[in-house]
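Dear colleague,

Here is the structure we spoke about, with the sequence alongside. My notes on it follow below, and I would be glad if you read them with the model open.

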Amino acid sequence: QGGYQSSIVVFFATDETPMSALNKADNDYAQFEDSTTGWANARVFNDLPNTWFAADVDSDSSTRSSASTSTKFLKLELRLRRNLNQILAFYKDPLAIGWTQIGPALNLAADLHDVPIKFGVRIKKEWKALHEFDVKVTKIAGEEADRSAATDTTTASTVATNARALVGLGLSV
């Protein structure tokens with residue numbers, strides 16, 4: 001059977017973004033994208049040997065950065081980085097050394113310059129349910145975050161039972 005697998009999405013959102021704005025049904029995915037400060041995802045199609053990557057700062061596909069590989073990566077890493085007033089997205093090929101940038105840097109809107117942001121992870125449910133996700137978060141730089149109410153991981157069983165799994169990590173960047 002053909003069809004896209006569920007995809008993992010890493011994202012930034014402002015401190016003021018309510019969870020209700022981020023926890024949108026997959027049919028309202030564009031509203032989720034517009035609620036973020038920046039996001040990146042990876043997708044595989046069940047019958048094709050490719051992996052597709054995308055990153056953006058909203059749901060406007062005309063500004064979207066994208067990349068693809070001719071290999072289907074079922075074990076990969078995504079990185080989302082804020083550098084001054086830009087968002088950069090990367091993926092790591094498990095067979096190569098180093099990170100590959102997903103398209104050019106994305107400019108943040110002027111009202112988001114110097115605004116504290118948080119990191120989160122969500123699963124976008126697609127037509128196939130064969131993927132399992134293990135999420136590991138590594139904070140590379142920035143101030144120490146208050147992690148008293150943070151959740152670090154989501155398990156495959158959580159993903160399998162919840163089409164809109166979302167983990168707000170509370171990491172200020």
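The charged end of Lys124 sits over the ring of Tyr29, 5.0 Å from the ring centre, and Arg122 lies over the face of Phe32, at 4.6 Å from the centre of that ring. Please keep in mind that this is a predicted model, and that the distances and angles here are computed from it.

The two rings just named also belong to a group of aromatic residues, since ring pairs link Phe11, Tyr29 and Phe32 into a cluster. The structure holds 4 aromatic pairs. In one of them, the rings of Phe11 and Phe32 have their centres 5.2 Å apart and their planes at 90°, which makes the pair edge-to-face. Phe11 lies in strand E1 while Phe32 lies in helix H2, residues 29-35, so this pair ties together parts that are 21 residues apart in sequence. Both Phe11 and Phe32 are buried. Another edge-to-face pair is formed by Phe12 and Phe119, with ring centres 6.2 Å apart and planes at 70°. Because Phe12 lies in strand E1 and Phe119 in strand E9, that pair ties together parts that are 107 residues apart in sequence. Phe12 counts as buried at 2% relative accessibility, and Phe119 counts as buried at 15%, the cut-off for that word being under 20%.

Strands E1 and E9 are also joined along their backbones. Strand E1, residues 7-14, pairs with E9 in the antiparallel sense over 8 bridges, and Lys124 in E9 is the bridge partner of Ser7. Strand E9 itself, which spans residues 117-124, is mostly covered, with 7 of its 8 residues buried.

Which elements give two or more residues to the largest nonpolar core? That core has 22 residues, and those with the most contacts inside it are Val10, Leu78, Leu80 and Ile87. The elements in question are E1, strand E2 (38-44), strand E3 (51-56), E5, E6 and E9, and E9 gives the most, with 4 residues. If you would like one residue from which to explore this region, Leu78 is a useful choice, for its contacts beyond its neighbours within four places in sequence include Ile8, Val10, Ala40, Phe53, Phe90 and Trp99. Apart from this core lies another, of 8 residues, among them Val9, Phe11, Leu22 and Ala54. As background, nonpolar side chains in soluble globular proteins tend to be buried together.

Strand E3 deserves a separate look. Of its 6 residues 5 are buried, so E3 is largely enclosed by the rest of the structure. Strands E2 and E3 run antiparallel and are joined by 6 bridges, with a hairpin of 6 residues leading from E2 to E3, and Ala42 stands opposite Phe53 in E3. Strand E3 also pairs with strand E4, residues 65-69, in the antiparallel sense over 5 bridges, where Ala54 stands opposite Ser66 in E4.

Two loop residues may catch your eye if you check backbone angles. Leu84, in the loop between strand E5 (77-83) and strand E6 (86-92), has a phi near 55°, a positive value in a residue other than glycine. Asp114, in the loop between strand E8 (106-107) and E9, likewise has a positive phi, near 60°, and is not a glycine. Are these residues buried or exposed? Leu84 is exposed, with a relative accessible area of 70%, and Asp114 is exposed as well, at 72%.

Finally, some values for the chain as a whole. There are 3 helices and 10 strands, and from the N terminus on the elements run β-α-α-β-β-β-β-β-β-β-β-α-β. Of the 173 residues, 40% count as buried, and the accessible surface comes to about 9,500 Å², of which 49% belongs to carbon and sulfur atoms. Among the contacts in the chain with a separation of 6 or more, 61% are accounted for by residues 24 or more positions apart.

With best wishes

Definitions and conventions. Residues are numbered from 1 along each chain as its sequence is written. This is a predicted model: local features need pLDDT of at least 70, side-chain atom pairs count only at pLDDT 80 or more; totals for chains, interfaces and linings use all residues. Side-chain values use heavy atoms; hydrogens and water are left out. Buried means under 20% relative accessible area, exposed over 50%, partly exposed in between (1.4 Å probe, protein chains only). Two strands pair if DSSP finds at least two bridges between them. Rings of Phe, Tyr and Trp (its six-membered ring) pair if their centres lie within 6.5 Å; planes under 30 degrees apart count as stacked, over 60 as edge-to-face and the rest as tilted. A charge sits over a ring if NZ of Lys or CZ of Arg is within 6 Å of the ring centre and within 35 degrees of the ring normal. A nonpolar core is a set of buried Ala, Val, Leu, Ile, Met, Phe, Trp, Tyr and Cys residues joined through side-chain atoms within 4.5 Å. Contact means heavy atoms within 4.5 Å. Accessible areas come from the Shrake-Rupley method with a 1.4 Å probe; for residues, only the protein chains shown count as cover.
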